[in-house]
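Dear colleague,

I am passing on the structure below, together with some notes on one part of it. Please look through it before reading on.

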Amino acid sequence: MIQPSSGSVRRQIADTFRQRIFSGEIPPGSTLPGTRELAAAYGTSLSNAHAALAVLSREGLISRLPYYGTVVNARPRELKTVAVILFHDGVPHFSPYIERQANFMLRELKRRKIACRFFVEAEEKPDAPSLGPAIERREYDAALLLGASRRISPIIPRLKVPAIRCRGSYDQQDFMQQGLDQLKAMGCRSAGVLVSMRDDPYNPDDPDNNNFRTFDALRRHAEEIGLRLDASWIITPAERQYIGPHQFTAYAQSAFQSLWSQAERPEGLLVYPDELVPGLNDMLYKLRVRVPEDLKLVLHRNKEFHYQPPYPCAGLENSIRLAAAAQVDQLIELYQGRSAPPPALRYQPIFFNQ
């Protein structure tokens with residue numbers, strides 16, 4: 001059973017250094033602080049510091065050499081087995097994006113002759129109980145975690161292998177800025193945004209504040225290009241609201257209705273992600289909104305979904321296949337002890353029915 005990292009001091013020390021080693025921050029061949037230094041740094045006893053290093057030594061991450069100190073071991077160059085861990089929100093099915101992402105991960109790992117094993121975990125079980133026996137038996141060398149739950153990130157230090165959370169490999173700020181540029185080029189003087197991610201600097205689902213920085217960049221870019229972007233036209237989920245894979249359509253319907261019911265409306269709308277498009281289309285038909293006469297659109301599209309909206313509009317496209325390949329590359333870099341920042345691929349502009 002995976003134990004929570006908030007338990008003992010010795011576990012916290014081991015988790016911290018394990019993650020720093022796996023991230024490449026402490027590369028192979030580096031010397032770790034001794035027990036006295038660790039004890040002083042963490043305000044704990046020598047026995048706790050010694051026990052933490054003993055855990056890392058048993059896992060094969062470090063060697064404790066007489067007269068030399070504690071050294072980070074080199075890992076085998078070839079990654080042989082990967083756990084792909086899918087998290088769901090209590091409903092035993094996944095969004096089309098997650099399904100495609102997992103499928104392309106499997107293909108990419110197979111292409112590189114890396115064995116793969118799938119685990120499925122419910123997000124309400126934060127310790128991922130089915131992983132415990134596999135961890136103890138050392139059945140895999142690294143892990144890819146798929147899903148959008150706040151509970152995923154705390155699990156990574158406890159997996160005891162290099163692991164990454166497979167979030168979007170495409171730069172969301174790039175999407176927002178290119179989308180506003182497209183609306184401006186289409187003649188819009190004002191724009192709105194309909195998205196499923198929250199605009200919140202203290203969002204527990206987004207511990208790195210990537211979403212908040214994306215919205216901040218969005219507002220600044222709108223001002224730079226002279227595009228009006230009223231706060232009421234930025235439609236996001238309510239505070240503490242999480243949009244699961246089975247909720248996209250209903251959310252898009254209510255969100256667009258709240259936008260279109262305003263006394264003043266934007267001339268253009270940027271929509272992300274493409275799971276919102278079916279619900280948007282329902283409301284465009286119901287409210288008799290003509291595209292592009294009444295509203296110009298820039299839609300997100302995953303290349304592998306091949307959907308075609310029934311009206312002229314612009315779009316920005318990404319590839320799940322390329323993202324999966326980039327994330328496997330990142331994991332291999334981490335496994336080999338090198339620092340590997342998340343990939344940031346660029347969206348490609350497309351046009352529908354024009």
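**One helix and its neighbouring strands**

In strand β12, C313 stands opposite F352 of β13, and I should say at once that this comes from a predicted model. Strand β13 covers residues 348–352, runs antiparallel to β12 and is joined to β12 by 5 bridges. Strand β11 is likewise joined to β12 by 5 bridges, but these two strands run parallel, and within this pairing L299 has G315 of β12 as its bridge partner.

As for β12 itself, which spans residues 313–318, 6 of its 6 residues are buried. In a regular strand, side chains alternate between the two faces of the sheet. Here C313, G315 and E317 point one way while A314, L316 and N318 point the other way, and both sets are buried.

Which residues of helix α9 are buried? In this helix, made up of residues 277–286, they are V277, G279, L280, M283 and L284. Viewed down the axis of α9, these buried residues fall within an arc of 160 degrees, so they line one face of the helix. An α-helix has 3.6 residues a turn, so residues three or four places apart point the same way.

The buried residues of α9 pack against α8 (248–260) and against two strands, β10 (268–272) and β11 (296–302), the last of which is the parallel partner of β12 described above. On the other side of α9, by contrast, Y285 and K286 are exposed, and just after the helix R288 takes a positive phi of about 60 degrees.

With best wishes

Conventions:
Residues are numbered from 1 along each chain as its sequence is written. This is a predicted model: local features need pLDDT of at least 70, side-chain atom pairs count only at pLDDT 80 or more; totals for chains, interfaces and linings use all residues. Side-chain values use heavy atoms; hydrogens and water are left out. Buried means under 20% relative accessible area, exposed over 50%, partly exposed in between (1.4 Å probe, protein chains only). Helices (H or I, at least four residues) and strands (E, at least two) are DSSP runs, numbered from the N terminus. The arc is that of the directions from the helix axis to the C-beta atoms. Contact means heavy atoms within 4.5 Å. Two strands pair if DSSP finds at least two bridges between them.
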